[in-house]
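User: Please take a close look at the ligand site in this model. Then place that site in the surrounding fold, in one connected account.

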Amino acid sequence: MSYYVTTPIYYVNAEPHLGHAYSTIAADILARHMRQRSEDVFFLTGTDEHGEPVAQAAQKLGIEPRELVDRNAPKFEELLPQINVSNDFFIRTSDPEHEAKVQEIVQIVHDNGYVYEGVYEGWYCPRCADFKSELELGPGQTCPIHKIPLEREREENWFFRLSAFQDQLERLYAERPDFVRPQARYNEALSFIRGGLEDVSLSRPKLTWGVRLPWDRRQVMYVWFDALLNYVTALSYAGGGEDLTDRFWPALHIIGKDILKFHAVYWPAFLMAAGYEVPKGMFIHGYLLMEGHKMSKSLGNVLDPFEVIERFGADALRYYCFREVSFGQDGSVSPTGFEARYDSELANEYGNLASRTLAMIDRFRDGRVPAAEPDPELAGGGDGLARVDAAVCGLLDRAELTQALDEIWKRVRRLNRYVEETRPWDLAKDDEEAGRLDQVLYSLAEGLRVTTLLLLAYMPEIGDRMLDALGAEDRAIAAFGSHGGGQRIEKLPPLFPKIEAAAV
Ligand code: ME8
């Protein structure tokens with residue numbers, strides 16, 4: 001089966017911060033997990049380079065937009081290997097192939113009769129690149145997200161007939177209750193639709209930095225349609241000579257709650273207008289907060305992911321974000337929070353389980369995992385190892401990243417308890433307990449293997465090291481007891497060494 005997952009494409013008017021890394025890591029965890037299930041995966045991320053946010057930022061710096069995007073886009077791309085992200089392609093909306101495909105698709109929408117010329121007057125936020133309805137305005141005509149005064153715009157432009165999709169969108173939502181998740185976001189999008197859809201601008205006459213409309217070259221396309229189309233256009237040229245659209249479309253979109261309306265309302269309507277299938281679905285996550293506020297460049301309260309990685313490592317960062325903040329909700333992150341989870345969970349729970357399991361196999365069985373039967377004691381019960389693979393797969397099918405991690409972590413804790421309960425060091429003193437010791441050591445190694453296979457998508461570097469040390473070659477998700485044992489292990493230096501005290 002094919003599995004296509006995307007992140008938002010980020011504006012290049014600012015530096016990447018942890019909020020951007022967060023969405024990208026979320027999509028990466030899903031992509032990696034699905035590859036472990038032998039799905040045919042395509043994972044896309046990239047940068048949104050047109051429109052007002054970028055044009056204004058360039059103007060402030062006194063440079064051309066092209067120079068700004070060429071300077072900043074690499075910063076987003078360079079972040080990816082550093083946070084262990086395994087994207088298959090990186091799209092830039094200034095790619096000529098993207099621009100050509102956007103023109104082709106918008107022409108279809110035009111020819112299908114969903115475009116007309118008109119006059120727009122209303123409140124506009126250049127940072128959101130969004131027109132705000134009266135209901136959305138903050139106090140004193142300000143943007144509720146960026147807190148800046150809005151501009152009153154009046155302009156002649158082309159409109160997209162969003163209102164024509166009122167019934168079709170309502171039907172889509174009725175037929176596909178999981179089209180938008182979590183449920184609260186589905187409700188929010190549906191109530192927006194039920195509130196009555198108004199037509200939206202498809203073009204901007206005042207801007208020059210963007211994709212020209214093929215039938216009216218004086219106007220550039222409204223940046224949001226240009227940007228949304230990346231999810232489709234990328235497939236037409238990411239595969240070199242091969243068009244990947246039929247193989248991978250439709251996609252699952254991972255996005256933050258700030259861009260719900262565009263993805264959950266405009267985007268499916270636009271796809272319908274162009275004759276494309278609507279997305280497979282979308283998962284909307286919340287904000288990472290610092291001291292109670294959304295982390296954002298304009299508010300100046302961002303955690304620099306490069307600094308965090310240097311101090312804690314990329315895998316620890318990946319783990320922390322999805323453990324600390326329930327995926328789908330807002331939640332606070334902080335350097336002290338990082339440190340606490342790093343010490344208590346990564347080093348003391350998982351790291352300790354790994355080192356003592358390997359050390360005991362080394363010491364009591366000459367570095368070879370005994371071939372034995374899995375201990376039914378460890379397999380059973382609510383936090384038993386028996387069905388952890390199925391439970392986690394079921395949750396990740398629904399992009400429940402935090403709940404899936406909770407399930408895995410319960411088993412890590414269970415394995416540590418199992419060591420305390422079975423006391424292998426005492427069993428080793430008694431020859432009559434040799435069979436029991438074999439079973440305990442086998443069950444520990446096997447438990448560590450299956451939990452690590454599930455953690456691998458979250459912590460790919462650490463997971464690989466652990467599985468190599470366990471002599472487990474196969475990376476496919478596996479059930480407890482499916483490896484017969486008998487393999488050699490290697491000891492490892494600590495997976496999560498003590499961190500240096502430093503200010504982040
Ligand atoms: O909106 N917490 O780009 P953008 C969590 N170009 N996620 C955060 C975050 C935070 N504090 N801050 C940012 C755009 N994000 C458009 C998107 S898509 C066709 C076009 C993440 O650079 C989150 O995913 O403003 C949010 O939706 C996205 O960055 C916005 O990035």
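Analyst: A polar contact here is a pair of N or O atoms within 3.5 Å. With that cut-off, start at the ligand, and keep in mind that the model is predicted.

The shell around the ligand holds 24 residues. The closest are Ile 9, Ser 23, Asp 48, Asp 258 and Leu 288. By class, the shell divides into 13 nonpolar, eight polar and three charged residues.

Now the polar contacts. Ile 9 uses its backbone: an N or O atom there lies 2.8 Å from a nitrogen atom of the ligand. Asp 48 uses its side chain, with a polar atom 2.7 Å from a nitrogen atom of the ligand. Ser 23 also uses its side chain, but here the ligand atom is an oxygen, at 2.5 Å. On its own, the ligand has 670 Å² of accessible area, and the protein covers 94% of that. Strand E1 (2-11), helix H1 (18-36) and helix H7 (223-228) are the elements that give two or more residues to the shell.

E1 leads from the ligand into a sheet. That sheet is open and has six strands, in the order E3-E2-E1-E12-E13-E7. The pairing is parallel. At the edges stand strand E3 (89-92) and strand E7 (180-181). Each has a single partner strand, so one side of each is left without a neighbour in the sheet. E1 pairs with strand E12 (residues 252-256) in the parallel sense, over two bridges. Within E12, Leu 252 is the bridge partner of Val 5.

Helices pack on this sheet. Helix H10 (residues 260-274) touches E7, E12 and strand E13 (281-285). The direction of H10 makes about 145° with that of E12. Helix H3 (residues 65-82) lies across E1, strand E2 (40-48) and E3. H3 runs at about 160° to E3. The loop between H3 and E3 contains Asn 84. Phi of Asn 84 is near 60°, a positive value in a residue other than glycine.

Two loops next to sheet strands carry cis peptide bonds. One such bond joins Arg 181 and Pro 182, with omega about 0°. Pro 182 sits in the loop between E7 and helix H6 (183-194). Another cis bond runs from Trp 249 to Pro 250, with omega near 10°. Pro 250 belongs to the loop between helix H9 (245-248) and E12.

A further sheet is open and antiparallel, with three strands in the order E9-E11-E10. Strand E9 (203-204) and strand E10 (212-213) are the edge strands, and each pairs on one side only. E10 and strand E11 (residues 216-221) pair over two bridges. One bridge partner there is Asp 216 of E11, which faces Leu 213 as its partner.

Back to the site, in brief. E1 gives two or more residues to the ligand shell, and E1 is also one of the strands of the parallel sheet.

How values were computed. Residues numbered from 1 in each chain as written. Predicted model: local features only at pLDDT ≥ 70, side-chain atom pairs only at ≥ 80, totals over all residues. Heavy atoms only, no water. Near = heavy atom within 4 Å. Polar contact = N/O pair within 3.5 Å; in protein donor to acceptor, adjacent residues only side chain to side chain. Areas by Shrake-Rupley, 256 points an atom, 1.4 Å probe, with all protein chains shown as cover. Helix = DSSP H or I, 4+ residues; strand = E, 2+ residues; numbered from the N terminus. Nonpolar A, V, L, I, M, F, W, Y, C, P; charged D, E, K, R; others polar. Pairing = 2+ DSSP bridges. Contact = heavy atoms within 4.5 Å. Axes fitted to C-alpha atoms, helices over the stretch in contact; angles between N-to-C directions.
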